[in-house]
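User: I would like to work through how some helices pack in a structure. Please take it one question at a time.

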Amino acid sequence: MTEQTDLRAELEAIHQESFAWAVRCCRGDRTDAEDVLHQSYEKVLDGRARFQGRSAFRTWLFGVIRLTAREHARRQWVSGRRIERWWRERETEPDAPAGPDEELTRRLERALAGLSGRQREVLHLVFYQDLTIEAAAEVLGMPVGTARTHYQRGKDRLRKRLGEEGAVE
Amino acid sequence: MSKSWHDDRELGARFAKARAVEARRAPSFERVLRGPPERRRSLWAPALALTATVVAVGFGIRQAGSRPASPFEVTVGGLGGPTDFLLRTSEPLAFELPDIRLDAEGLEPDLDGRIGDTVGRNRL
């Protein structure tokens with residue numbers, strides 16, 4: 001019971017970061033991200049995913065979220081639900097009013113959209129989540145050298161794309 | 001969150017703003033833990049499916065007492081009682097189910113007048 005309470009507290013402490021990572025793993029789909037995060041929390045709390053202490057809790061949890069997002073995406077494609085929703089969202093996507101920060105964030109998202117999936121993931125983990133490249137590599141299950149390459153190339157490409165948008169002074 | 005590992009302050013500042021925006025929009029921990037409404041509602045779907053299956057099976061058992069009325073039907077179970085199932089196909093069973101022994105003579109001595117001449121052979 002205490003262990004369960006501790007786990008819950010740990011999950012809650014980094015909930016916002018976890019949600020942001022889930023959104024990234026779900027390619028910006030917040031509904032999917034919420035579902036994926038819910039499934040990840042369930043896995044952790046009912047012991048299907050067990051923290052062994054071989055890395056930081058957050059690094060481990062992000063790995064769980066990433067795997068869960070993959071399973072989720074596969075199930076959605078198989079059932080055809082994702083395709084259906086993709087079309088629905090294209091039809092109804094609202095143009096939300098944006099403040100200056102929101103606008104900057106949207107520019108950043110647009111620029112990130114031009115990067116490869118791996119580059120986006122590495123940059124998110126390092127810049128957004130403040131993970132080391134080594135920890136990012138562990139979350140993504142890739143060698144550190146590969147993560148470093150994705151980091152460098154992704155960063156260069158992101159700066160270029162932000163420059164093209166006139167977002168970099 | 002106290003220490004940054006990246007080597008680009010400007011990009012770091014942009015990501016930090018994005019993080020602040022995202023933090024305002026993130027659903028609460030409690031809500032995520034409960035599960036999205038879509039998922040909670042979806043519990044009804046399996047319950048309904050289970051109910052429909054039970055009803056269908058019940059209906060099938062009720063049908064079991066029926067005798068096959070055409071070569072497109074066959075009873076499964078072989079006891080001729082209420083646990084037999086009546087199957088229907090779009091083609092005469094002689095062509096659809098090769099395992100069925102069409103010539104029942106000598107093989108199914110218990111066939112009786114309860115089942116029609118043609119379809120009686122289609123008994124599994």
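Analyst: The questions below concern helix packing in this predicted model.

User: How are the axes of H2(A) and H3(A) oriented to one another: parallel, antiparallel, perpendicular or oblique?

Analyst: Helix H2 of chain A covers residues 15-25 and helix H3 of chain A covers residues 30-45. Their axes come within 8 Å and cross at roughly 120 degrees. Angles of 65 to 115 degrees would count as roughly perpendicular, and those over 145 as roughly antiparallel. The crossing angle therefore makes H2(A) to H3(A) oblique.

User: Is the crossing of H2(A) and H3(A) left-handed or right-handed?

Analyst: The handedness tells how one helix is turned as it passes the other. For H2(A) passing H3(A), the crossing is right-handed.

User: How do the residues of the contact of H2(A) with H3(A) divide into nonpolar, polar and charged?

Analyst: From H2(A) come A:Ser18, A:Phe19, A:Ala22, A:Val23 and A:Cys25, which meet A:Arg30, A:Ala33, A:Val36 and A:Leu37 of H3(A). Sorted by type, the residues of this contact are seven nonpolar, one polar and one charged.

User: How many of the residues of H7(A) are buried?

Analyst: Helix H7 of chain A runs over residues 117-128, which is 12 residues. The buried ones include A:Gln119, A:Leu123 and A:Tyr128. H7(A) is mostly covered, and the buried count is 10 of 12.

User: Which helix of chain B do the buried residues of H7(A) pack against?

Analyst: Within chain A, these buried residues pack against H2, H6, H8 and H9. From chain B, the partner is helix H1 (9-25).

Conventions:
Residues numbered from 1 in each chain as written. Chains lettered and ligands numbered in written order. Predicted model: local features only at pLDDT ≥ 70, side-chain atom pairs only at ≥ 80, totals over all residues. Axes fitted to C-alpha atoms, helices over the stretch in contact; angles between N-to-C directions. Helix = DSSP H or I, 4+ residues; strand = E, 2+ residues; numbered from the N terminus. Parallel < 35°, antiparallel > 145°, perpendicular 65-115°, else oblique. Contact = placed C-beta atoms within 7 Å. Nonpolar A, V, L, I, M, F, W, Y, C, P; charged D, E, K, R; others polar. Expected span 1.5 Å × (residues − 1). Buried ≥ 20, exposed ≤ 12 C-beta atoms within 10 Å, placed from the backbone.
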